[in-house]
Protein chains: 2
Amino acid sequence: MVTTVACQPVPARRADAERDVAAILEAGARLLSADPAAGPADVATAAGVSLAVLHRHFPSREALVDAVLDRAADLADAVLEHECIDAAPAPEAMAGLLRSAWEVLDRHRRLFVAVDPAPATEKDREHRERPLRGVRRLIERGRRDGDFRHDLPLPWLVTTFFAIIRGAAQEREAGRLKPEEVGHVLATTMLSLLAPAGDRSR
Amino acid sequence: MVTTVACQPVPARRADAERDVAAILEAGARLLSADPAAGPADVATAAGVSLAVLHRHFPSREALVDAVLDRAADLADAVLEHECIDAAPAPEAMAGLLRSAWEVLDRHRRLFVAVDPAPATEKDREHRERPLRGVRRLIERGRRDGDFRHDLPLPWLVTTFFAIIRGAAQEREAGRLKPEEVGHVLATTMLSLLAPAGDRSR
């Protein structure tokens, strides 16, 4: 069994004055993941604000898309740089990360792949790659400590992490996994996959 | 270690007279997976045939798309109904399926999700769902025989199968997995994930 550590994503600060911006960025992330060509008018409608309000905060489509990507990168950073990720033993940190933050990481990945499939600038590449590096760092630590397997390539283990949270998101959307069981199913799956040969007791 | 069984997908019969059709269907599958709006002219160019030749075999876009989907379903059927899948013990059958047929199954899944996200007819649904049912049947058999785990939902295990072969295809496209190592990496990953708790020796 996996014990959950008290790892929660750092909650975004949402002062009342920032409510419109938060709604716009939330709607922007959702729409742009599904359709990278979505425009400011679609986002304003989905956020429940007028186009004028959206334009006051984001004068151009480029500014809007930049802000959506920045926020997704910040959220992913927050969960991956949370103290628990580096402090707890790697298996517990992995379970905690999956239980509390799989949606943030899945959304980041989906958004960047949809909007920015071939990042042009160093900053874009950095934003896009950072969560992968965070997950890789955690798996590397688990390998160093003898908690995770060595017989499969490290980049492949990182890929399966993201492939599996993508699968979980699809299962939940299809109603085949209940919201309250996703974290446990993901943690059990990923720890089985990461455990060294001969050790499936976790 | 997993022993490979001599399971190969049934090779498609390609008489000389069928070469154009085969090239058209192959190019159609590739193009439609990436862009469900691809048209007969794109497919003809990619297949290296004239549009007139394509039209001789497939008078309408609908006929072309139907034929591409039918062929993908037939190929998936062939690998899943191969005698080895039902005869060998489930772990060996799973390893053999992944080694010999992961690309056929990944392509089927990608194609049907792209072209036919919400199948309208019973036949379309049937074509789309059949490979999932084949994989589910194999995992069920492994559970009955005590070879595969019972502590995760069956539909979730089927989902991880397809999520993981999708991940492998992306890794190979990105050059991070060599063609000759994909089968072994996939079999090792999936058997770790399916093994009952306390048994990681396979």
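Here is a friendly exchange about a predicted model, looking at chain B and how chain B relates to chain A.

Trainee: Where does helix α7 of chain B bend?

Mentor: Helix α7 of chain B covers residues 122–144. The bend is about 40 degrees, and a proline, B:P131, follows within four residues. The residue at the bend is B:E129.

Trainee: Which residue just after α7(B) takes a positive phi?

Mentor: Within α7(B), buried residues include B:R141, B:G142 and B:R143. Just after the helix, a phi of about 80 degrees turns up. That positive phi belongs to B:G146.

Trainee: Is B:R30 buried, partly exposed or exposed?

Mentor: B:R30 sits in helix α1 of chain B, residues 19–34. Buried would need a relative accessible area under 20%, and exposed one over 50%. The value for B:R30 is 43%, so this residue is partly exposed.

Trainee: Which residues does B:R30 touch, not counting residues up to four places away in sequence?

Mentor: Touching here means heavy atoms within 4.5 Å. As a separate distance, the C-alpha atoms of B:R30 and B:R110 are separated by 9.7 Å, with their positions 80 residues apart along the chain. The residues that B:R30 touches are B:A46 and B:R107.

Trainee: What kind of axis relates chain B to chain A?

Mentor: Two copies of a chain are related by a rotation about an axis and a shift along it. Here a rotation of 180 degrees with 0.0 Å of shift superposes chain B on chain A, at an RMSD of 0.0 Å. That relation is a two-fold axis.

Trainee: Why can we say the copies meet through the same surface?

Mentor: Compare the interface residues of chain B with those in chain A. The copies meet through the same surface because the share of chain B's interface residues that are also interface residues in chain A is 100%.

Technical notes. Residues numbered from 1 in each chain as written. Chains lettered and ligands numbered in written order. Predicted model: local features only at pLDDT ≥ 70, side-chain atom pairs only at ≥ 80, totals over all residues. Heavy atoms only, no water. Bend = angle between axes of the 7 residues up to and from the residue. Helix = DSSP H or I, 4+ residues; strand = E, 2+ residues; numbered from the N terminus. Buried < 20%, exposed > 50% of the residue type's maximum accessible area, 1.4 Å probe, protein only. Least-squares fit on C-alpha atoms with pLDDT ≥ 70 in both.
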